[in-house]
Amino acid sequence: MKTSKKKFGIVIFPGSNCDHDCFHAVESVMGQQTVPLWHKDSDLQGADCIILPGGFSYGDYLRTGAIARFSPIMKSVEKFAKAGGPVIGICNGFQILLEAGLLPGAMLRNTCLQFRCQYVNIRVENTDTPFTNCCQPGQVLRIPIAHGEGNYFVEESQYQKINRANQVIFRYCDEFGIPTPESNPNGSLGNIAGISNKAGNVVGLMPHPERASETILSSADGKIIFESIVSYLTK
Amino acid sequence: MKAKIYITLKRTVLDPQGKAVTNALNSLGFNKVLDTRVGRYIEIELKEKNKQAAEKKVHQMCDQLLSNPVIEEYRFDLD
């Protein structure tokens with residue numbers, strides 16, 4: 001069995017503010033290697049996995065993620081993703097992946113019009129991805145969200161398609177794992193909290209697993225996402 | 001030449017902001033307000049004299065950056 005550390009490239013855009021939470025989760029909690037990737041660079045420095053962290057890249061100007069997607073580093077991330085490399089976008093990172101067209105759909109403002117900063121429950125819908133392979137099918141994770149635009153939208157026909165292709169990875173649910181309207185914090189279509197591309201190597205989710213990776217942070221449920229990535233890369 | 005671009009959410013897309021504005025207008029006594037759609041207005045100064053060429057460029061700008069075709073549509077005037 002290989003014991004070498006895996007390298008996580010964490011992209012920093014102007015306005016990223018969860019990058020250091022990711023460094024901490026990957027390095028201190030998971031004991032893996034990290035490398036910061038500046039948005040103006042284009043070298044991924046041999047990273048095994050790319051994380052697009054949360055925050056407010058470019059001040060959320062125009063639309064969330066709309067300007068960040070044109071950063072030089074994103075060209076390399078797109079190439080890496082198309083070659084099958086695992087890419088995970090968290091919160092604003094998810095929004096950037098949508099704008100970049102690496103994931104289908106778009107984000108609308110939360111139906112409640114409020115910025116929601118709270119713990120939510122999400123149900124793991126697909127365990128056959130690099131990001132969820134350590135989860136049990138239907139496992140409920142308690143992870144925080146913090147966003148104003150997490151209301152996932154896609155045309156009905158496209159929604160049927162991603163449903164059928166098992167591209168819905170996480171859904172907001174109650175503590176028993178039932179996706180109810182009450183457990184949906186932002187009005188997201190089908191209670192969607194996270195989706196993948198068709199190949200499954202690109203995933204975006206609104207909740208922040210890096211903020212819930214240690215019991216001292218009141219939940220360590222998010223750690224399983226990072227464990228899954230390491231397990232995938234070690235195989 | 002100046003392009004005046006109007007970007008709005010598609011009719012099929014729910015506009016939570018517009019809904020809140022409708023409610024606010026109703027509560028102010030504007031009871032005849034049935035629906036509100038909130039969009040974005042952008043003015044762009046172009047160094048371009050040919051109207052057709054300008055039109056083409058603005059379409060490209062809207063498609064590539066200014067609007068998101070998944071949820072939005074746009075129209076524009078040139079003068």
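User: What counts as a polar contact within 3.5 Å here, and which side chain in chain A makes one with A:E99?
Analyst: A polar contact is a pair of N or O atoms within 3.5 Å, and within protein one must be able to donate a hydrogen and the other to accept it. The model is predicted. A:E99 lies in helix α3 of chain A. At 2.8 Å, its side chain makes such a contact with the side chain of A:R63.

User: Which residue of chain B shares a polar contact with the side chain of A:E99?
Analyst: Leaving out residues up to four places away in sequence, A:E99 touches A:R63, A:T64, A:G65, A:A66, A:R69 and B:N68. The side chains of A:E99 and B:N68 are joined by a polar contact of 3.2 Å. The residue asked for is B:N68.

User: Is A:E99 buried or exposed?
Analyst: The cut-off for buried is under 20% relative accessible area. A:E99 has 13% relative accessibility, so the residue counts as buried.

User: How many of the residues of α3(A) are buried?
Analyst: The buried residues of this helix are A:N92, A:G93, A:F94, A:Q95, A:I96, A:L97, A:L98 and A:E99. The helix is largely enclosed by the rest of the structure, because the buried count is eight of the eight.

User: Which residue with positive phi follows α3(A)?
Analyst: The phi in question is near 80°. The residue that follows α3(A) with this value is A:G101.

User: What is the volume of the largest pocket, and which residues are closest to its centre?
Analyst: The volume is about 450 Å³. The lining has 25 residues, and the elements that give two or more of them are α3 and β5 of chain A together with β1 and α1 of chain B. By class, this lining holds eleven nonpolar, six polar and eight charged residues. Closest to the centre are A:R109, A:E149, B:Q17, B:R40 and B:E72.

User: Which elements give two or more residues to the lining of the second largest pocket?
Analyst: The second largest pocket holds about 150 Å³ of space. Of its 15 lining residues, A:R69, A:L98, A:E99, B:N68 and B:P69 are the closest to its centre. The lining has six nonpolar, five polar and four charged residues. The elements that give two or more residues are α3 of chain A and α2 (51-66) of chain B.

User: Which helix gives the most to the largest nonpolar core?
Analyst: This core has 66 residues, and A:I50, A:I51, A:Y152 and A:F170 have the most contacts inside it. Among the residues that A:F170 touches are A:I122, A:V124, A:L141, A:L205 and A:I225. With six residues, the helix that gives the most to the core is α5 (residues 223-234) of chain A.

User: How many residues are in the second, separate core?
Analyst: This core includes B:L46, B:C62, B:L66 and B:F76. The number of residues in it is twelve.

User: How far apart in space are B:Y41 and B:K4, C-alpha to C-alpha?
Analyst: B:Y41 lies in strand β2 (residues 40-45) of chain B. Residues up to four places away in sequence aside, B:Y41 touches B:K4, B:I5 and B:Y6. B:Y41 and B:K4 are 37 residues apart in sequence, and their C-alpha distance is 7.2 Å.

User: What is the relative accessible area of B:Y41, and which side chain makes a polar contact with its own?
Analyst: Partly exposed lies between the 20% and 50% cut-offs. B:Y41 has 42%, so B:Y41 is partly exposed. At 2.8 Å, the side chain in polar contact with that of B:Y41 belongs to B:E43.

Technical notes
Residues numbered from 1 in each chain as written. Chains lettered and ligands numbered in written order. Predicted model: local features only at pLDDT ≥ 70, side-chain atom pairs only at ≥ 80, totals over all residues. Heavy atoms only, no water. 1 Å grid on protein atoms, 1.4 Å probe; cavity = no way out; pocket = protein on both sides within 12 Å on 5 of 7 lines; lining within 4 Å. Points joined across faces, edges and corners; volume = space filled by probe spheres on them. Helix = DSSP H or I, 4+ residues; strand = E, 2+ residues; numbered from the N terminus. Nonpolar A, V, L, I, M, F, W, Y, C, P; charged D, E, K, R; others polar. Core = buried A, V, L, I, M, F, W, Y, C linked by side-chain atoms within 4.5 Å. Buried < 20%, exposed > 50% of the residue type's maximum accessible area, 1.4 Å probe, protein only. Contact = heavy atoms within 4.5 Å.
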